[in-house]
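Work through the exercises below with the structure open beside you. Try each task before reading its solution.

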Amino acid sequence: MTFRSSPIPPGVLTVGAVTFTVFAWASAFVSIRSAGAAYSPGALALGRLLAASLVLVVLVLVRRQGLPPREAWRGILISGVVWFCGYTIALNWGERLVDAGTASLLVNTGPILMALLAARLLGEALPPRLLVGMAVSFAGAVVVGLSMSSGDGGSTSVLGVALCLLAAVAYATGVVAQKPALSYGTPLQVTTYACLTGAVVCLPFTGQLLAEVPDAPVSATLNMIYLGVVPTALAFTTWTYALARMPAGKLGATTYAVPAIVVLLSWTLLGEVPAWLTLLGGALCLAGVAVSRYAPRSARTPAGDSPLGAGRT
């Protein structure tokens, strides 16, 4: 999964890894919405992480990568607890209260938070446009919250919005924690042991999972397994592969496409289309993220450098 022996140019592999991750994570929002009808948030998180851990451990054994170096463990443990466990539970819960498209719009405020944390903890630049983008995205989140709370059961919908925003915070925190770990461990090692950490933290939900499996429809259980194998085991590994070769803030910008893909998938597979006011708020969220990541042509990567930083290790 580290692609080291591949004859394909590193830049092409990085683009492929990012593309696969974006589409896999977009499909996850739809699968969570479907499986969440039968599984509670904690049980679904545990089942997903157990399925992912099984696949990842097999890959680690096949590739004989062993344990990551001691220096990588801090980032692995933080990302495992905050991202693999905390993000997953918050998103599972949030998607019980809002549709898949709205959830993806809210979670994709994460790149702004990611850039802030990367500036503070990793020394990445914090230009004024980032502050403007934050303001625009916050306004969009408010619009989404108002649109979701305008009907019956508004307080519940507001809770769903809050949970999705909490998931965005966990997502950003986990990515920034992972970045230093990738200086010591391989993408597969970092992903595997972060996933195992998340699964261990979710073990208190074992009773719920065992109680819900017999009554869950086969489709819900298959969706849970799919979440573990594709959006988690495979997509998190391709994400860490790209993260090892790109700045955290820049990689976060690649997830802009996720909400559009999710809306199309949820419309096609679930019959869910967010209301126009929700779409307006989501557009503001994404516009804010785009503003925060925009750079004048003169400030962009020099012509001789790879635009994706694929030459970095």
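**Exercise 1. Locate R64 and describe its backbone and its exposure.**

Solution.
Step 1. In this predicted model, R64 sits in the loop that joins α2 to α3 (73–94).
Step 2. Look at the helix before this loop. α2 has 23 residues and spans 33 Å from its first C-alpha to its last, close to the 33 Å expected at 1.5 Å a residue. R64 follows α2.
Step 3. Read the phi angle. R64 has a positive phi of about 55°, although it is not a glycine. Most residues other than glycine have a negative phi.
Step 4. Check the exposure. The relative accessibility of R64 is 77%, so R64 counts as exposed, the cut-off being over 50%.

**Exercise 2. Is A52 buried or exposed, and which residues distant in sequence does A52 touch?**

Solution.
Step 1. A52 belongs to helix α2 (residues 41–63).
Step 2. A52 is buried because its relative accessibility is 0%, and the cut-off for buried is under 20%.
Step 3. Set aside the neighbours within four places in sequence. The contacts of A52 are then C195, G228, T232 and A233.
Step 4. Take A233 from this list. A52 and A233 are 181 residues apart in sequence, yet their C-alpha atoms are 4.7 Å apart in space.

**Exercise 3. Where does T232 lie, and what is T232 in contact with?**

Solution.
Step 1. T232 is part of helix α10 (residues 218–243).
Step 2. With a relative accessible area of 1%, T232 is buried.
Step 3. Leaving out neighbours within four places in sequence, the contacts of T232 are R48, L49, A52, F84, C195, L227 and T237. C195 is also a contact of A52.

**Exercise 4. How many residues of helix α8 are buried?**

Solution.
Step 1. Helix α8 covers residues 187–201, which makes 15 residues. From first C-alpha to last, α8 reaches 21 Å, close to the 21 Å expected at 1.5 Å a residue.
Step 2. Of these 15 residues, 12 are buried, and α8 is mostly covered.
Step 3. Among the buried residues are P187, Y193 and C195. C195 is the residue already met as a contact of T232.

**Exercise 5. Describe the aromatic pair formed by W25 and W239.**

Solution.
Step 1. Find W25 in helix α1 (residues 10–35). W25 has a relative accessible area of 11% and is buried.
Step 2. A pair of aromatic rings is described by the distance of the centres and the angle of the planes.
Step 3. A search of the whole structure finds 12 aromatic pairs. In the pair of W25 and W239, the centres are 4.8 Å apart and the planes are at 35°, and the pair is tilted.
Step 4. W25 is in helix α1 and W239 in helix α10, so the pair ties together parts that are 214 residues apart in sequence. Both W25 and W239 are buried.
Step 5. Widen the view. Ring pairs link W25, W83, F84, Y87, Y171, F236 and W239 into a cluster.
Step 6. Compare with a backbone distance. The C-alpha atoms of W25 and P231 are separated by 5.3 Å, with their positions 206 residues apart along the chain.

**Exercise 6. Which residues of the largest nonpolar core touch the most other members?**

Solution.
Step 1. The core has 59 residues, and W83, Y87, L91, V107 and Y171 touch the most other members.
Step 2. Ask where the core comes from. α1, α2, α3, α4 (100–107), α7 (154–181), α8 and α10 each supply at least two residues of this core.
Step 3. Follow one member. Not counting residues up to four places away in sequence, V107 touches F29, Y87, L91, C164, A167, A168 and Y171.

**Exercise 7. Where is confidence lowest and where is it highest?**

Solution.
Step 1. The protein averages a pLDDT of 79, and 72% of the residues score at least 70.
Step 2. Confidence is lowest in helix α11 (residues 248–252), with a mean of 62, and highest in helix α9 (residues 206–212), at 97.
Step 3. Two stretches need care. Over residues 152–156 the pLDDT stays under 50, and over residues 299–313 it is below 50.
Step 4. Where pLDDT is low, the predicted coordinates should not be read in detail.

Conventions. Residues are numbered from 1 along each chain as its sequence is written. This is a predicted model: local features need pLDDT of at least 70, side-chain atom pairs count only at pLDDT 80 or more; totals for chains, interfaces and linings use all residues. Side-chain values use heavy atoms; hydrogens and water are left out. Helices (H or I, at least four residues) and strands (E, at least two) are DSSP runs, numbered from the N terminus. Buried means under 20% relative accessible area, exposed over 50%, partly exposed in between (1.4 Å probe, protein chains only). Contact means heavy atoms within 4.5 Å. The expected span of a helix is 1.5 Å times one less than its number of residues. Rings of Phe, Tyr and Trp (its six-membered ring) pair if their centres lie within 6.5 Å; planes under 30 degrees apart count as stacked, over 60 as edge-to-face and the rest as tilted. A nonpolar core is a set of buried Ala, Val, Leu, Ile, Met, Phe, Trp, Tyr and Cys residues joined through side-chain atoms within 4.5 Å. pLDDT is the predictor's confidence in each residue, from 0 to 100.
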